[in-house]
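Reader: Hello! I would like a close look at the helix that carries the nonpolar surface patch, together with whatever it touches or helps to line. Could you walk me through that part and then set it beside the rest of the chain?

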Amino acid sequence: MLVAACSGADLADPDVRFSLEMIPQHRQTVQLAEMAQGRAFNDWIKSTAFAMKTQGRADVQMMENWLSMWEVAAPPAGARPIGPGNVTDAEFVKLRDLTGAAFDRTWFALMSRHLEASMVTARVVVAVGDHSPTADLARRLVRDQEEMVAEIGRQLA
């Protein structure tokens with residue numbers, strides 16, 4: 001369990017919880033983005049996946065720095081995101097075996113669902129957190145992910 005790996009600051013603090021929950025979500029986003037290389041046919045997926053990897057890794061580093069500042073251990077590398085909407089291991093296996101249009105359709109569905117789950121986490125910290133850099137990150141995530149989900153809808157239309 002995620003909490004067992006942590007120590008230090010108040011783990012119930014919304015800003016701490018956000019980073020503890022969002023780091024595995026971002027890692028999963030990066031994992032989904034990495035899978036597009038050599039499998040995706042859609043140009044939007046290819047270009048967006050590259051940007052997602054770059055930004056996702058930078059965001060994880062920033063949140064790990066905050067956790068360190070708060071004397072809380074970051075989630076271990078293998079930690080899976082919690083909550084509904086995140087991609088299961090079985091879905092990753094299925095996606096790994098697809099290429100071209102089949103990969104694109106599945107990737108769009110999984111990424112859209114994953115981003116929706118991430119936005120729920122971000123909206124909570126915007127509403128109740130008090131660390132302004134965390135709130136800034138959360139607002140950016142919501143804005144960017146709303147745009148991505150809308151674009152996924154356009155790509156599927």
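Author: Happy to; what follows starts with helix α4 and then moves outward to its partners, the pocket and a few other residues. Please keep in mind that this is a predicted model.

Let us begin with the patch. V120, V124 and V128 together make a nonpolar surface patch of about 260 Å². V124 belongs to helix α4, which covers residues 100-128. Its relative accessible area is 48%, so V124 is partly exposed; the cut-off for exposed is over 50%.

Helix α4 also has charged side chains that reach other helices. General chemistry helps here: side chains of opposite charge can pair when their charged atoms come close. Which residue does R113 meet in a salt bridge? The partner is E91, with an N to O distance of 2.6 Å. R113 sits in α4 while E91 sits in α3, residues 89-96, so this pair ties together parts that are 22 residues apart in sequence. Both ends are partly exposed: R113 has a relative accessible area of 31%, and E91 has a relative accessibility of 21%. For E91 the lower cut-off matters, because buried means under 20%.

On the other side of the sequence, R123 forms a salt bridge with E146, and their closest N and O atoms are 2.7 Å apart. Here R123 is in α4 and E146 is in α5, so the bridge ties together parts that are 23 residues apart in sequence. R123 counts as partly exposed at 38% relative accessibility, and E146 counts as partly exposed at 40%. Helix α4 is thus linked by salt bridges to α3, through R113 and E91, and to α5, through R123 and E146.

One more residue of this helix deserves a look. E116 has its place in α4 and counts as partly exposed, at 37% relative accessibility. The C-alpha atoms of E116 and A101 are separated by 23 Å, with their positions 15 residues apart along the chain.

Now to the pocket. Helix α4 is one of the elements that supply at least two residues each to the lining of the largest pocket; the others are α1 (14-36), α2 (43-69) and α5 (132-156). The volume of this pocket is about 220 Å³. Its lining has 15 residues, and M52, Q55, G56, Q145 and M148 are the ones nearest its centre. Which helix gives the most to the lining? That is α2, with six residues. By character, the lining divides into five nonpolar, seven polar and three charged residues, a useful breakdown to have beside you when you look at the pocket.

Since α2 gives the most to that lining, let us follow this helix a little further. In α2, D43 forms a salt bridge with K46, the closest N and O atoms being 3.9 Å apart. Both residues lie in this helix, three residues apart, about one turn of the helix. D43 counts as exposed at 59% relative accessibility, whereas K46 is partly exposed with a relative accessible area of 42%. After α2 comes the loop that runs between α2 and α3, and E71 lies there. E71 has a positive phi of about 60 degrees although it is not a glycine, and at 59% relative accessibility E71 counts as exposed.

Helix α1, another contributor to the pocket lining, holds H26. Is H26 buried or exposed? H26 is buried, with a relative accessible area of 4%. The C-alpha atoms of H26 and A58 are 9.8 Å apart, although 32 residues separate the two along the chain.

Finally, α5 brings us back to the partner of R123. R139 lies in α5 and counts as partly exposed at 41% relative accessibility. From R139 to G100 the C-alpha distance is 33 Å, and the two are 39 residues apart in sequence. There is also a network of salt bridges that links D59, R140, R143 and D144. Across the whole model, the count comes to 13 salt bridges, including the α4 pairs R113 with E91 and R123 with E146 that we started from.

Note on methods
Residues are numbered from 1 along each chain as its sequence is written. This is a predicted model: local features need pLDDT of at least 70, side-chain atom pairs count only at pLDDT 80 or more; totals for chains, interfaces and linings use all residues. Side-chain values use heavy atoms; hydrogens and water are left out. On a 1 Å grid over the protein atoms alone, a cavity is a set of points where a 1.4 Å probe fits but cannot get out, and a pocket is an open set with protein on both sides within 12 Å along at least five of seven lines; lining residues have an atom within 4 Å of a point. Grid points are joined across faces, edges and corners, and a volume is the space filled by probe spheres set on the points. Helices (H or I, at least four residues) and strands (E, at least two) are DSSP runs, numbered from the N terminus. Ala, Val, Leu, Ile, Met, Phe, Trp, Tyr, Cys and Pro count as nonpolar, Asp, Glu, Lys and Arg as charged, and the others, Gly among them, as polar. Patches are made of residues with over 30% relative accessible area and no salt bridge: like charges are joined within 9 Å, nonpolar side chains (Val, Leu, Ile, Met, Phe, Trp, Tyr) within 5 Å. Accessible areas come from the Shrake-Rupley method with a 1.4 Å probe; for residues, only the protein chains shown count as cover. A salt bridge is a side-chain nitrogen of Lys or Arg within 4 Å of a carboxyl oxygen of Asp or Glu. Buried means under 20% relative accessible area, exposed over 50%, partly exposed in between (1.4 Å probe, protein chains only).
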